[in-house]
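Subject: A structure for you to look at

Hi,

Here is the structure I promised to pass on. Have a look at it first, and then read my notes below.

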Amino acid sequence: MRNRGFTTAQRGCPSLWQVRRSVRLAAVAAVVLVTGVVAVPDRDAKRAGAAPLQGIHKIRHVVVVMQENRSFDSYFGTFPGADGIPPGTCVPSPSGPCVRPFHDTSNRDWGGPHDYVAASADVDGGKMDGFVAEQGQGLAVACRTKPGSGPCRVDAARPDAMGYHDWHEIPNYWAYARNFVLQDHMFEPVADWSLPSHLFMVSEWAARCPVRGDPMSCVSSAGARPVPRKPHVAPDYAWTDLTYLLHAHHVSWRYYVFKGAKPDCDDGQVVCPPVPQNSRTPSSMNPLPRFDTVLEDGQLRNVTSISHFYADARAGTLPSVSWVEPNDRVSEHPPNPITAGQAFVTNAIDTIMRGPDWSSTAIFLAWDDWGGFYDHVVPPRVDSAGFGLRVPALVISPYARRGFVDHQVASFDAYAKFIEDDFLDGQRLDPATDGRPDPRPDVRESVPQAGDLTRDFDFTQAPRPPLILPLRPPFS
């Protein structure tokens with residue numbers, strides 16, 4: 001195996017990495033002391049007078065909008081041309097006959113557990129038949145731990161883990177799919193709950209780091225049973241994340257967080273007590289404040305309120321890379337209403353489309369995990385962590401192909417790959433080349449299943465006009 005860093009024995013003395021880290025921290029502190037801010041030039045500022053942009057570089061703004069807890073089949077299982085629910089599907093039920101997928105017209109669902117153990121049970125070695133049983137167990141646990149929070153058992157005839165929605169309940173999402181690109185083989189990057197999925201979204205890895213500040217101490221934490229950590233000890237994300245490369249290449253970024261309650265439970269269960277969130281509270285939806293790189297580079301201010309997103313989109317000052325995160329009310333995490341989540345997403349997209357940056361923007365919309373809802377496609381095995389189950393995903397851009405269903409296998413790794421190819425000259429989060437070693441098991445952007453999102457664009461076409469949709473279309 002390639003030696004990617006220093007051995008445990010070498011850590012007795014300050015390592016070269018630790019020395020570099022101390023120097024960088026001192027430099028950041030000095031700049032902040034003198035100026036009060038850390039000035040980072042933006043590549044976009046250098047565009048004046050440059051030659052016309054070509055291909056992928058016509059995209060100057062990437063916006064990743066991440067919603068919660070839906071499987072592909074639960075939202076697009078009946079979409080024309082997609083790899084949807086097979087005829088004759090019937091999933092075993094512990095309480096009676098097998099259950100067939102059904103059209104769920106409810107605005108609220110319960111779903112099921114969605115941690116590593118639940119993912120393994122739902123997939124069941126490739127049978128994809130554990131969803132009803134897992135939902136039943138999850139609701140029973142919720143009833144014991146939080147009485148009155150919801151039903152104590154599934155509806156034997158219509159367990160909503162087997163329900164699907166279509167254009168009647170989610171007309172805007174189907175409108176985006178008809179007019180832009182629907183990805184029907186987008187998989188959660190890891191077979192686990194929201195936190196590991198979000199860690200992969202921003203860093204291509206999920207790990208725990210026993211030695212604070214030492215990336216070489218980190219070991220994989222996703223795709224396996226969680227290792228208990230000491231109570232009241234905040235985790236330290238010492239490995240390298242994408243913002244480290246963005247900052248090094250002077251590429252602007254922001255991570256926008258909607259203040260409210262955190263959408264997901266820390267154990268991947270169905271319900272849990274509400275926990276407040278904002279841009280300054282690290283959480284499963286907001287992991288960047290715990291990354292050493294964000295702190296060392298003086299970039300914590302780039303994790304900010306959702307209000308700044310709307311202001312930036314209206315003013316035409318979106319950064320090169322944005323992540324947009326909901327709160328519980330608008331996340332679509334069960335049992336929150338679907339209509340509230342769709343309105344939040346539509347408002348974000350409408351605001352971009354009405355703003356000056358639309359003509360150079362790519363919006364990647366996805367749901368961070370399957371939420372316990374049925375899906376029939378067996379996840380491909382990439383490494384020890386993933387992929388996880390299939391989730392809905394859309395590509396929305398003035399250069400997106402019209403009404404295209406992308407069947408290629410992909411995961412959120414494809415978002416990082418697209419950002420790196422667009423803004424970083426193809427640089428990867430690779431310990432061998434990025435200047436900040438860590439012991440990650442693979443370079444996720446480089447695996448064949450990472451996907452190539454440039455296939456979803458036609459950069460030769462004239463930029464398409466906006467598709468402005470109503471925030472609250474009729475729910476039928």
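Beyond its neighbours within four places in sequence, Val 382 is in contact (heavy atoms within 4.5 Å) with Phe 387, Arg 444, Val 447 and Gln 449. You will find Val 382 in the loop between β15 (361-367) and β16 (393-396). Helices (H or I, at least four residues) and strands (E, at least two) are DSSP runs here, numbered from the N terminus. Val 382 also lies 9.3 Å from Ala 450, C-alpha to C-alpha, with the two positions 68 residues apart in sequence.

Before going on, please note that this is a predicted model, where local features need pLDDT of at least 70 and side-chain atom pairs count only at pLDDT 80 or more, while totals for chains, interfaces and linings use all residues. Residues are numbered from 1 along each chain as its sequence is written, and side-chain values use heavy atoms, with hydrogens and water left out.

Now to the sheet. It is open and has 8 strands in the order β13-β10-β14-β1-β15-β16-β6-β17, with mixed pairing; two strands pair if DSSP finds at least two bridges between them. At the edges are β13 (303-305) and β17 (404-406), each pairing on one side only. From one strand to the next, the twist averages 20°.

Strand β16 is a good place to start. It runs antiparallel to β15, joined by 4 bridges, and Ala 393 in β16 is the bridge partner of Ala 366. Strand β6 (residues 181-183) is also antiparallel to β16, through 2 bridges, and there Leu 182 stands opposite Leu 394. Both faces of β16 are covered: Ala 393 and Val 395 on one side, and Leu 394 and Ile 396 on the other, are all buried (under 20% relative accessible area, 1.4 Å probe, protein chains only). In a regular strand, side chains alternate between the two faces of the sheet.

Finally, two helices. The axes of α9 (residues 306-315) and α10 (residues 338-354) are 8 Å apart, and the helices pack at an angle of about 30°; axes are lines fitted to C-alpha atoms, for helices over the stretch in contact, and angles run from 0 to 180 degrees between N-to-C directions. Helices α9 and α10 are therefore roughly parallel to each other, a label for angles under 35 degrees. Among the residues that meet are Phe 309 and Tyr 310 in α9, and Phe 344 and Ile 352 in α10.

Best wishes

Note on methods. Buried means under 20% relative accessible area, exposed over 50%, partly exposed in between (1.4 Å probe, protein chains only). Angles under 35 degrees count as roughly parallel, over 145 as roughly antiparallel, 65 to 115 as roughly perpendicular and the rest as oblique.
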